[in-house]
Amino acid sequence: MRSSDGDEQRLPGQTGAVAGQDFGAAVRQLREGTDPGAVGLPVGGRRVPGLRREELGELAGMSADYVRRLEQGRSHPSAGVVRAIARALRASRADYERLCALAGYAAADGAVPTDLGPGATRLLERFADTPMIVTDAAMNVVAVNSGFLALEHWDLPGERWDWNVAWRIFCHPFAAFQQSDADATAHEVIQVAQLRAALLRYPGDAALAGMVDEMRARSRRFDALWRAPRPVVAYESSARFVQSDGDSLTLAGNLIAIPGDDLAAVMLTAAPGSRDAARLGEVLGAVEGPAVIRVGQSGPG
């Protein structure tokens with residue numbers, strides 16, 4: 001927008017002026033990189049990759065001509081338009097924040113995203129022989145693989161936050177999940193750091209804030225670490241998993257960030273050549289099931 005003397009004016013809510021061409025180029029890049037099938041559109045009969053402008057316009061509730069003007073830098077989007085485009089393209093949180101920055105807006109502080117993105121899905125599929133879980137930024141488990149369920153330690157006691165890793169560590173520990181004092185402390189410090197970071201990124205998520213408040217009320221240990229957080233030395237810890245037949249195996253868990261989807265994966269591995277590695281091979285060898293299992297408050301589904 002320009003005033004009568006030609007000077008550019010900032011729109012209400014903008015955090016800075018950024019050339020429209022940069023925003024338009026980002027939209028076009030996302031549009032052309034979006035798989036039509038991923039947004040519910042037919043895949044066949046296409047001569048160019050990605051979505052057509054008409055398709056993006058229909059999904060986002062705007063005309064194809066307006067999409068063209070945005071991509072050419074001839075129109076400036078409102079914050080609502082930016083959100084509509086991001087939703088239509090099913091953009092990751094990182095891509096949404098980038099679009100907001102290029103348009104000159106602060107990203108909306110909504111709820112923690114829980115969608116299992118393509119990056120996390122591929123990770124679960126490619127490491128089917130490694131017990132693995134995928135969590136959102138608030139440490140809610142959103143997906144696991146069959147190898148993880150074969151460890152038999154994740155019970156469902158009927159609590160509201162059964163599938164939240166931090167909640168289970170501090171408020172409802174697993175009987176079949178045993179750690180040394182050092183590993184337990186490392187694990188607790190990681191959980192607190194992850195939750196604090198999530199609250200900073202998503203201050204508007206009432207469910208996350210409510211869970212943290214409940215954890216502080218129920219767990220003195222969590223409250224102490226929340227009030228005086230410790231630095232994370234390494235995003236890993238070890239634990240002994242007790243099987244239903246009385247046998248057990250010790251595995252190391254490593255937390256790996258999946259930035260584009262604001263998710264994280266926990267991979268569980270045994271020391272190479274160890275008795276635990278042999279036992280893990282036996283457990284996984286008997287597994288039958290899908291590589292990706294979505295979970296929720298009521299269990300796998």
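Here are some numbered notes on this predicted model.

1. Ground rules. Numbering starts from 1 along each chain as its sequence is written, and side-chain values use heavy atoms, with hydrogens and water left out. Since it's a predicted model, local features need pLDDT of at least 70 and side-chain atom pairs count only at pLDDT 80 or more, while totals for chains, interfaces and linings use all residues.

2. Overall build. You're looking at twelve helices and eight strands (DSSP runs numbered from the N terminus: H or I of at least four residues for helices, E of at least two for strands). Along the principal axes, the C-alpha atoms fill a box of roughly 75 × 50 × 35 Å. Of the 301 residues, 44% are buried (under 20% relative accessible area; exposed is over 50%, partly exposed in between, with a 1.4 Å probe and protein chains only).

3. The annotated span. UniProt, in an unreviewed entry, lists residues 50–96 as "domain: HTH cro/C1-type" (positions follow the numbering used here, feature names are shortened, and annotations may be inferred rather than shown by experiment). In the model that span is 64% helix and 0% strand, with its end C-alpha atoms 18 Å apart. Helix α2 (residues 53–60) has Glu55, Leu56, Gly57 and Ala60 buried. Just after α2 comes Gly61, with a positive phi of about 75°.

4. The largest pocket. Its volume is about 980 Å³. On a 1 Å grid over the protein atoms alone, a pocket is an open set of points with protein on both sides within 12 Å along at least five of seven lines, a cavity is a set where a 1.4 Å probe fits but cannot get out, and lining residues have an atom within 4 Å of a point. Points are joined across faces, edges and corners, and a volume is the space filled by probe spheres set on them. There are 29 lining residues, and Arg90, Ala91, Ser92, Arg93 and Asp115 lie nearest the centre. Helices α4 (79–88), α5 (93–103) and α6 (118–126) each give two or more residues to this lining. By class it has 13 nonpolar, seven polar and nine charged residues (nonpolar: Ala, Val, Leu, Ile, Met, Phe, Trp, Tyr, Cys and Pro; charged: Asp, Glu, Lys and Arg; polar: the others, Gly among them).

5. Arg90 itself. Arg90 sits in the loop between α4 and α5 and is exposed, at 57% relative accessible area. From Arg90 to Asp115 is 25 residues in sequence and 9.6 Å in space, C-alpha to C-alpha.

6. Enclosed space. The structure has three cavities of 30 Å³ or more, and the largest holds about 280 Å³. That one is lined by 24 residues, with Val165, Phe177, His187, Val266 and Leu268 closest to its centre. At least two lining residues apiece come from α8 (165–170), α9 (181–201), β4 (236–242), β5 (248–258) and β6 (263–269), and β4 has the largest share, with five. The split is 15 nonpolar, eight polar and one charged.

7. A buried acid. Asp223, in helix α11 (residues 220–227), counts as buried at 17% relative accessibility. Its side chain makes a 2.8 Å polar contact with that of Arg216 (N or O atoms within 3.5 Å; within protein, one must be able to donate a hydrogen and the other to accept it, and residues adjacent in sequence count only if both atoms are side-chain atoms).

8. Cysteines. Cys100 is buried at 3% relative accessible area, and Cys171 is buried at 14%. The disulfide count is zero (the rule being a pair of cysteine sulfur atoms within 2.5 Å).
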